[in-house]
Amino acid sequence: MPELPEVETVRIVLARDLIGKKIKTVAVTNGRAVRRHKSAKDFRTLLEGHSIKSVQRLGKNLIVGLESGNHLVIHLGMSGQLLHAKSAKEVKPKHTHVVFTFAQGDELRYVDPRTFGELYVSVPPPEGAEVEISKFARLSIGGEGLLLRRQIPELAHLGVDPFEDQIGWDRFAAILRSRSTPLKLVITDQDIIAGIGNIYADESLYASGLRYDRPAESLSTIEIRRLHRSIAEILTEAIKYGGSTLDDEQFVNPDGKPGTFQQYHQVYNREGLPCYQCRTLIQRVVLRQRSTFFCEKCQS
Ligand SMILES: [Zn+2]
């Protein structure tokens, strides 16, 4: 499943290629991809004829800002891809559900074999309307996150985005100290911290020497500072390498290029292989139906 670094990788390419372009037509061939709308026509009407002003991200959501003031929100789900084709002549991949054609003739295609992902147009609430924003996100002292949540109420529930919401380690500490659940469940809960999933949780926990099942509230100040720093470092590094593309999944950026950060994974998908630090074999356990990889010796 694409996580923050993969979505950010897509955002960077879309911002480079699409800002200033006018959406000429939108074709929806699988209504499930736009299921929040009462009809595909309703979705299309909100987009056709409008130009793209910005491309932002919050958690695992891409946010395409339109000149009209509305936002096209895209969540890639488990297997969604956005591909930028130079012209309609390029062969459409199987499972292409939505195609945006721009005035210049190029296309943005939404491809999703499992169709867990979705696209919708969010209309900003009227001036002065109350938007209930996540109590965790409200701890933010800067960044674009709060403004995005106010403009897009569908995303107001999202917890702290590690880049779009600035919270120091002390506020991060307050969040962890209020939870008794296993650390991994806290940092992958999108309503607490937005953007981290299975891969980057395991990698951040390894980098900070913490076990996945430590109750979040049990961390010392030093451990909290280490985790706070590791999350930012791992995500930054992963973005630099264009995200992770795994054997069984199919993440590619809009140019069709896979990421390479999987080459630098320390624990994720390395069950039975020696830890790079201590040579102990990496273990895999199942937590809430999902694999967790860790080193028994390096993480406590
Ligand atoms: Zn180790």
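Below is a chat about a predicted model of one chain, going from its overall build to some of its helices and strands.

Visitor: What kind of model is this, predicted or not predicted?
Guide: It's a predicted model.

Visitor: OK, how many helices and strands does the chain have?
Guide: There are 7 helices and 10 strands. The radius of gyration is 20 Å, close to the 19 Å from the globule rule for 300 residues, so the chain is as compact as a globular protein of that length.

Visitor: And what does the C-alpha trace span along its principal axes?
Guide: About 55 × 45 × 30 Å. Buried residues account for 40% of the 300.

Visitor: What share of the contacts join residues at least 24 apart?
Guide: That's 62%, counting contacts between residues at least 6 apart in sequence.

Visitor: Let's do helices. How are α1 and α7 packed?
Guide: Helix α1, residues 4-18, and helix α7, residues 221-240, meet at an angle of about 40°, and their axes are 9 Å apart. The oblique range starts above roughly parallel, which ends at 35 degrees, and α1 and α7 are therefore oblique to each other.

Visitor: Is that crossing left-handed or right-handed?
Guide: Right-handed. On the α1 side the contact uses L4, P5, E8 and T9, while α7 brings L235, A238 and I239.

Visitor: What about α6, covered or exposed?
Guide: Mostly covered: 9 of the 10 residues in α6 (198-207) are buried. Among them are D202 and E203, along with I199, Y200 and L205.

Visitor: What do those buried residues pack against?
Guide: Against α1, α5 (183-187), α7 and β10. After α6 comes G209, with a positive phi near 70°.

Visitor: You mentioned β10. Which strand does β10 pair with?
Guide: β9. Strand β9 covers residues 283-287 and β10 covers 290-294, and they pair in the antiparallel sense over 5 bridges. V285 sits opposite T292 of β10.

Visitor: How many residues lie between β9 and β10?
Guide: 2, and the two strands form a hairpin. R288 is in the turn, with a positive phi of about 45°.

Visitor: Switching strands: how many residues of β5 are buried?
Guide: In β5, residues 81-85, 4 of 5 are buried, so to speak of it as mostly covered is fair by the 20-neighbour cut-off within 10 Å.

Visitor: And which strand is β5 joined to?
Guide: To β7, residues 107-111, by 5 bridges, with the two running antiparallel. Q81 has V111 of β7 as its bridge partner.

Visitor: Where do side chains point in a regular strand?
Guide: They alternate between the two faces of the sheet.

Definitions and conventions:
Residues are numbered from 1 along each chain as its sequence is written. This is a predicted model: local features need pLDDT of at least 70, side-chain atom pairs count only at pLDDT 80 or more; totals for chains, interfaces and linings use all residues. Helices (H or I, at least four residues) and strands (E, at least two) are DSSP runs, numbered from the N terminus. The radius of gyration is taken over C-alpha atoms; the globule rule is 2.2 Å times the number of residues to the power 0.38. A residue is buried if 20 or more other C-beta atoms lie within 10 Å of its own, exposed if 12 or fewer, and partly exposed in between; C-beta atoms are placed from the backbone. Two residues are in contact if their C-beta atoms, placed from the backbone, lie within 7 Å. Two strands pair if DSSP finds at least two bridges between them. Axes are lines fitted to C-alpha atoms, for helices over the stretch in contact, and angles run from 0 to 180 degrees between N-to-C directions. Angles under 35 degrees count as roughly parallel, over 145 as roughly antiparallel, 65 to 115 as roughly perpendicular and the rest as oblique. A crossing is left-handed if the near helix is turned anticlockwise from the far one by less than a right angle, and right-handed if clockwise.
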